[in-house]
Amino acid sequence: MVTEPSLMETRAFNQHLKLVEGWYWLVRSKNVRRKKAIAVTLTGRELVVYRTEGDQVVVFDAYCPHMGAHLAMGKVHGECLRCYFHNWAFDSEGLCVEVPSMEQPPEGLRVRAWPARDKHGLIWAWTGSGQPPHEVPEPPQLKQTDYVSALGRRSNIECHPHVVMINAIDENHFQTVHRIPGGLMNLETRVESDQNIQFINSAKPPSETRLQRWVSSFYKGSIFYELSYWYGTNGLVSMGPDFLRMYFMFALRPTAEGSTEGQIVVFTPRRKGILGWCLNHLILFMTRMVGRYFSSGDTRVFQTIRFNYQNPIAADRTVLTFIRHLEDQPLTNWIQEEKTSAS
Ligand code: FES
Ligand SMILES: [Fe+2]
């Protein structure tokens, strides 16, 4: 048994009132049309998202710093959002640039703006205090590649995203839940940065039986299965034989109550021409199906689990590594600030 008393009193892991600094998805891109503003909630904090005439996506705290009207009722003019109530205008940085009843707006008055991106078919907000030190995550294997993506299923799960995330490195459960024979998984850790940890499978395919030898002919080296985690809530999974690599992103966010809102994104390298277009779509479809298969067995557990990690064992080493890496990551005052500004 591994002695790990700190598992019972974690700072960041499985703490739904402490949002880890990072990129979080808010809404599907297509739902934020040009010149439109919509209301969204991220982990208990209310936000407004709008798309400027110049197609830039902007995210603000939801309530107007004048009297607190919800800014999603406002109108987009050029790059600015104008509050419905008294028509104060805020530029895309959140600075108040016009108060119709005054010659000059109060100096330096602003609504809090959050760095935003439109990527992978989703709108994202950076929840840290300064400018983001990196861009929205993408599959590390495709960084230098032109790729296409598609949105998969959106889900609600009754436990914290960190608990969902450890599933993909929980080597034991591949046998018990997914019926994958043992010995195919030996995950090695690579810490890429303070906020990014990767797990790489180094197990070679067995080649004792004729069937195993046939399967192993699809892998030049080890069985390809790699994880790249950001902030404990964004998991990029890459897997498959050499001739068909599949790439998924599990983009999760905690609700203020501690459950999970998840969105799957699938990727494939862009192939050119009409045949390439058909192949891209076929592979994206198949990737979605594989993602659905793997998440379905686990979903049953996650809808009823009361996560209480009392008895870690040596075989849980990858899970423990994940938790330790997460524990050192910067936390935001996301929910406390929202409560303060609302009171
Ligand atoms: S409440 Fe927004 S301008 Fe007055
Ligand atoms: Fe699983």
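## A tour from the β3–β4 pair to helix α5

Start by selecting residues 45-51 and 57-61: these are strands β3 and β4, which run antiparallel and are joined by 5 bridges. Strands and helices here are DSSP runs, E of at least two residues for a strand and H or I of at least four for a helix, numbered from the N terminus. Two strands count as paired if DSSP finds at least two bridges between them.

Before going on, a word on what is loaded: this is a predicted model, in which local features need pLDDT of at least 70, side-chain atom pairs count only at pLDDT 80 or more, and totals for chains, interfaces and linings use all residues. Residues are numbered from 1 along each chain as its sequence is written, while chains are lettered from A and ligands numbered from 1 in the order in which they are written.

**Stop 1: along β3**

Show L47 and look across to β4, where D61 stands opposite. Then move to V49, whose bridge partner in β4 is V59. Now turn to the other neighbour, β2: 6 bridges join β2 to β3, and the two run antiparallel. L47 appears again here, because V40 in β2 is a useful landmark: V40 stands opposite L47 in β3.

How much of β3 is buried? Of its 7 residues, 6 are buried, so the strand is mostly covered. A residue is called buried if 20 or more other C-beta atoms lie within 10 Å of its own, exposed if 12 or fewer, and partly exposed in between, with C-beta atoms placed from the backbone.

**Stop 2: the sheet and its turns**

Widen the selection to β2, β3, β4 and β9. These 4 strands form an open sheet in the order β2-β3-β4-β9, with antiparallel pairing. At the edges lie β2 (37-42) and β9 (113-114), each of which pairs on one side only. In a regular strand the side chains alternate between the two faces of the sheet.

Next, zoom in on the turns. β2 and β3 form a hairpin with 2 residues between them, and T43 in that turn has a positive phi of about 45 degrees. The hairpin of β3 and β4 has 5 residues between the strands. Select D55 in the loop between β3 and β4: its phi is near 75 degrees, a positive value in a residue other than glycine. Most residues other than glycine have a negative phi.

Is D55 buried or exposed? With 9 C-beta neighbours inside 10 Å, D55 counts as exposed.

For a second positive phi, go to H120, which is found in the loop between β10 (116-119) and β11 (122-126). H120 has a phi of about 60 degrees although it is not a glycine. H120 counts as buried, with 22 C-beta neighbours inside 10 Å.

**Stop 3: two domains**

Colour residues 23-126 as domain 1 and residues 140-327 as domain 2; these bounds come from an automatic or database domain assignment. The centres of the two domains, taken over C-alpha atoms, are 35 Å apart. Where they meet, 9 residues of domain 1 are in contact with 10 residues of domain 2, contact meaning that the C-beta atoms, placed from the backbone, lie within 7 Å.

Which strand gives the largest share of the side of domain 1 that touches domain 2? Strand β1 (residues 23-28) does, with 3 residues. That side of domain 1 divides into 4 nonpolar, 4 polar and 1 charged residues. Nonpolar covers Ala, Val, Leu, Ile, Met, Phe, Trp, Tyr, Cys and Pro; charged covers Asp, Glu, Lys and Arg; the others, Gly among them, are polar.

**Stop 4: helix α5**

Select I323, which sits in helix α5 (residues 317-327). I323 counts as buried, having 22 C-beta neighbours inside 10 Å. If you draw a distance from I323 to H281, 42 residues away along the chain, the C-alpha atoms are separated by 36 Å.

Add the buried residues of α5: T318, V319, F322, I323 and L326. Seen down the axis of α5, they fall within an arc of 140 degrees, so they line one face of the helix; the arc is that of the directions from the helix axis to the C-beta atoms. An α-helix has 3.6 residues a turn, so residues three or four places apart point the same way. To see what covers this face, show the elements that include α1 (161-165), α2 (171-176), β13 (187-193), β14 (196-201) and β15 (225-230).

**Last stop: the whole protein**

Zoom out to the full trace. The secondary structure comes to 6 helices and 18 strands. The radius of gyration is 22 Å, close to the 20 Å that the globule rule gives for 343 residues, so the protein is as compact as a globular protein of that length. That radius is taken over C-alpha atoms, and the rule is 2.2 Å times the number of residues to the power 0.38. Along its principal axes the C-alpha trace spans about 80 × 55 × 30 Å, and 35% of the 343 residues count as buried.

Notes:
Contact = placed C-beta atoms within 7 Å.
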